Amino acid sequence: MEDALALTPAIEAFDAVAARFDARFGAWRSVAAQRRAVRRALARAFPRGAHVLEIGGGTGEDARWLAARGRVVQLTDGSPSMVRIAREKLRSQRGPTPQVVAAEALEQWAAERESAGEARFDGVFSNFAALNCVDDLEGCARGLARLLRPGAPALLVLFGTMCPGEVVVQLARGDARAALRRRARGAVSARLGGRAFDVRYHRGGDLAAAMGPWFRLRRRIGVGVLVPPSAAEPWISRHPALVRTLEQIDRVLERPLAPLGDHVMYWFERTGSESQGSESHRQGVRALGLRPRGLTPANPNRSDPRQVRSGGWGVHELGILLPSERGRFHPSLPTSYPLGS
Ligand SMILES: C[S@@+](CC[C@H](N)C(=O)[O-])C[C@H]1O[C@@H](n2cnc3c(N)ncnc32)[C@H](O)[C@@H]1O
């Protein structure tokens, strides 16, 4: 039945490579180093026993790591094949079964959970740019607001939009277009497993504005400031001592040079009320020097938390959420996705 789901092009692409994902992605030292940086923050944000939601959790690498350290993780991902692998990987861990939920369907899923009397989560995270596949960040933020209790941390790792490491690597390859692709606004074409889809290099200010009505931005952490992006693979993995050194330096630079990361972790906190969220969040955004473009909490047409978009999503007969209207959104992902085309 899962084959009949209407998946976005990005989810379809990831679905097609799910079986090969761990073997390829997991072997690369740059990825492992960046994952360690993310995990340090996850361990700090979520205490043992916390019920944590994961968005775009893929094959469950981080969920398994957290579960082994006493966190209760509800993994979600849009790809049925990724979720099947994650279920297998997490079978021996205590905790909820991974679910197929697209990030665009979070609000609908939250409504289902509320009707079923399910508790809100103590936190959420999303690693390695799953949200760069999502166009509608506001809808995603609305869903997260309903899924999290006040005070809950939300750690969202997206692609950085000015990554010197990628510029250097791509220019060295003579590919000026790839070197500058993260500066693009809107959809950027990518390929993965032979399938084409779009990526969006969301600016920090736009993410902050989308989250603003319900969340306060506390800090940003650069993930892969000197540790290079996967574009430097497989070359960089042949130099483990270099990766280790760059990783050590990144521990010092991750806060002051956060915007230069291959990925950037945005660390938000769910506020107690919408107005409180907007004010303290605006202060946080100003303090970090982020500039939202055309999307601010003061713009009622775009970010009024009470405004709920009607329609667009249906519930599959198996209880899996899916877009009822194919093509309603245009998620995407970058050519820097490590499996190539
Ligand atoms: C680069 S992978 C990262 C996976 C995992 N977070 C990790 O760190 O290994 C991106 C993941 O996002 C998922 N994804 C893409 N678009 C999505 C969407 N619209 N909703 C939910 N998940 C999505 C893909 O299926 C894939 O598993």
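This is a short dialogue about reading a predicted model of a protein chain with a ligand.

Student: Where do I begin with a structure like this one? How many helices and strands does the protein chain have?

Tutor: Start with a tally of the elements. The protein chain here has 12 helices and 11 strands. Keep in mind that the model is predicted.

Student: What share of the residues counts as buried?

Tutor: A residue is called buried if 20 or more other C-beta atoms lie within 10 Å of its own. By that rule, 51% of the 341 residues of the protein chain are buried.

Student: Which strand could I look at as an example of burial?

Tutor: Try strand E9, residues 263-270. Eight of its eight residues are buried, so E9 is largely enclosed by the rest of the structure. Look at each face in turn: one side has His263, Met265, Trp267 and Glu269, while the other has Val264, Tyr266, Phe268 and Arg270, and all of these are buried.

Student: Which strands pair with E9?

Tutor: To read pairing, look for bridges between two strands. Strand E5 (residues 153-159) pairs with E9 in the antiparallel sense over seven bridges, and Pro153 stands opposite Glu269 of E9. Strand E8 (residues 215-223) also runs antiparallel to E9, with eight bridges joining them. There, Leu217 has Phe268 of E9 as its bridge partner.

Student: How do I read a hairpin, such as that of E6 and E7?

Tutor: Follow the two strands and then the residues between them. Strand E6 (residues 187-192) and strand E7 (residues 195-200) are antiparallel, with six bridges; Arg191, for instance, is partnered with Ala196 in E7. Two residues lie between the strands, and Gly193 in this hairpin takes a positive phi near 55 degrees.

Student: Why is helix H6 described as largely enclosed?

Tutor: You can use the same burial rule for a helix. In H6 (residues 137-147), 10 of the 11 residues are buried, so the helix is largely enclosed by the rest of the structure. Its buried residues include Leu137, Glu138, Arg142 and Leu147.

Student: And the ligand? How many residues surround it, and which are the closest?

Tutor: For a ligand, look at the shell of residues around it. This shell has 23 residues, and the closest are Gly56, Gly58, Gly78, Ala130 and Cys133. Helix H1 (9-25) and helix H3 (61-67) are the elements that give two or more residues to the shell, and H1 gives the most, with three. By type, the shell divides into 12 nonpolar, seven polar and four charged residues.

Student: What do the contacts in the chain say about distance along the sequence?

Tutor: Take the contacts between residues at least 6 apart in sequence: 78% of them join residues at least 24 apart.

Definitions and conventions: Residues are numbered from 1 along each chain as its sequence is written. This is a predicted model: local features need pLDDT of at least 70, side-chain atom pairs count only at pLDDT 80 or more; totals for chains, interfaces and linings use all residues. A residue is near a molecule or strand if its C-beta atom, placed from the backbone, lies within 6 Å of it. Helices (H or I, at least four residues) and strands (E, at least two) are DSSP runs, numbered from the N terminus. Ala, Val, Leu, Ile, Met, Phe, Trp, Tyr, Cys and Pro count as nonpolar, Asp, Glu, Lys and Arg as charged, and the others, Gly among them, as polar. A residue is buried if 20 or more other C-beta atoms lie within 10 Å of its own, exposed if 12 or fewer, and partly exposed in between; C-beta atoms are placed from the backbone. Two residues are in contact if their C-beta atoms, placed from the backbone, lie within 7 Å.
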